[in-house]
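Subject: Structure handover

Hello,

Here is the structure I promised you. Please open it next to this email and follow along.

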Amino acid sequence: MTKADIISEISSKTGIEKVDVQETVEAFFKVIKSSMIGGENVYVRGFGSFVVKKRAQKTARNISKNTAIIIPEHFVPSFKPAKVFVEKVKNNSKQLA
């Protein structure tokens with residue numbers, strides 16, 4: 001499912017114009033992105049958490065040059081689904097198989 005599919009489905013279920021739904025969905029993603037860029041986590045009850053994770057500094061190997069490189073500490077965005085959401089996906093996936 002793509003963002004366009006999500007917008008079409010919300011529009012058909014709610015009767016709201018696609019343009020308005022698109023603006024709302026875009027605003028939703030902008031808020032999540034700006035919050036995470038600012039280092040703030042986003043929690044959506046029953047859906048999951050958008051969390052900024054810290055990766056520690058580590059030593060890695062450049063295989064082509066056979067040298068050691070240091071990857072500095074950095075932050076990455078991640079998503080952790082809610083337990084309720086995970087259980088629903090597990091139960092429905094078993095029925096599809």
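A word on terms before the findings: a helix here is a DSSP run of H or I with at least four residues, and helices are numbered from the N terminus. Please keep in mind that this is a predicted model.

Start with the helices. Helix α1 covers residues 3–14, which makes 12 residues. From first C-alpha to last, α1 reaches 16 Å. That is close to the 16 Å expected at 1.5 Å a residue. Look at what comes just after α1: Gly15 takes a positive phi of about 80°. Helix α2 follows at residues 18–37. It lies across β1, β2 and β5. Its direction is about 30° to that of β2.

Now the sheet that α2 lies across. Three strands form an open sheet, in the order β1-β2-β5. The pairing is antiparallel. β1 (42–44) and β5 (74–81) are the edge strands, and each pairs on one side only. From one strand to the next, the twist averages 25°. Strand β2 takes in residues 48–55. Eight bridges join β2 to β5 in the antiparallel sense. To find your place in that pair, go to Val51, which stands opposite Ser78 in β5.

There is also a hairpin, made of β3 and β4. Strand β3 is residues 58–62 and strand β4 is residues 67–71. They pair in the antiparallel sense over five bridges. Asn62 stands opposite Thr67 in β4. Four residues sit between the two strands of the hairpin. Asn66 takes a positive phi there, near 55°.

Last, the largest pocket. How much space lies in it? About 160 Å³. Which residues line the largest pocket? They are Ile6, Ile10, Val25, Phe28, Phe29, Phe47 and Phe50. Two elements, α1 and α2, give two or more residues to this lining. The most comes from α2, with three residues. What is the character of the lining: nonpolar, polar or charged? The lining has seven nonpolar residues, no polar ones and no charged ones.

If you want a route through the model, begin at Gly15, just after α1. Then take Val51 and Ser78 in the sheet. Go on to Asn66 in the hairpin. Finish at the pocket lining, with Phe28 and Phe47 among its residues.

Best wishes

Terms used
Residues numbered from 1 in each chain as written. Predicted model: local features only at pLDDT ≥ 70, side-chain atom pairs only at ≥ 80, totals over all residues. Heavy atoms only, no water. Expected span 1.5 Å × (residues − 1). Pairing = 2+ DSSP bridges. Axes fitted to C-alpha atoms, helices over the stretch in contact; angles between N-to-C directions. Contact = heavy atoms within 4.5 Å. 1 Å grid on protein atoms, 1.4 Å probe; cavity = no way out; pocket = protein on both sides within 12 Å on 5 of 7 lines; lining within 4 Å. Points joined across faces, edges and corners; volume = space filled by probe spheres on them. Nonpolar A, V, L, I, M, F, W, Y, C, P; charged D, E, K, R; others polar.
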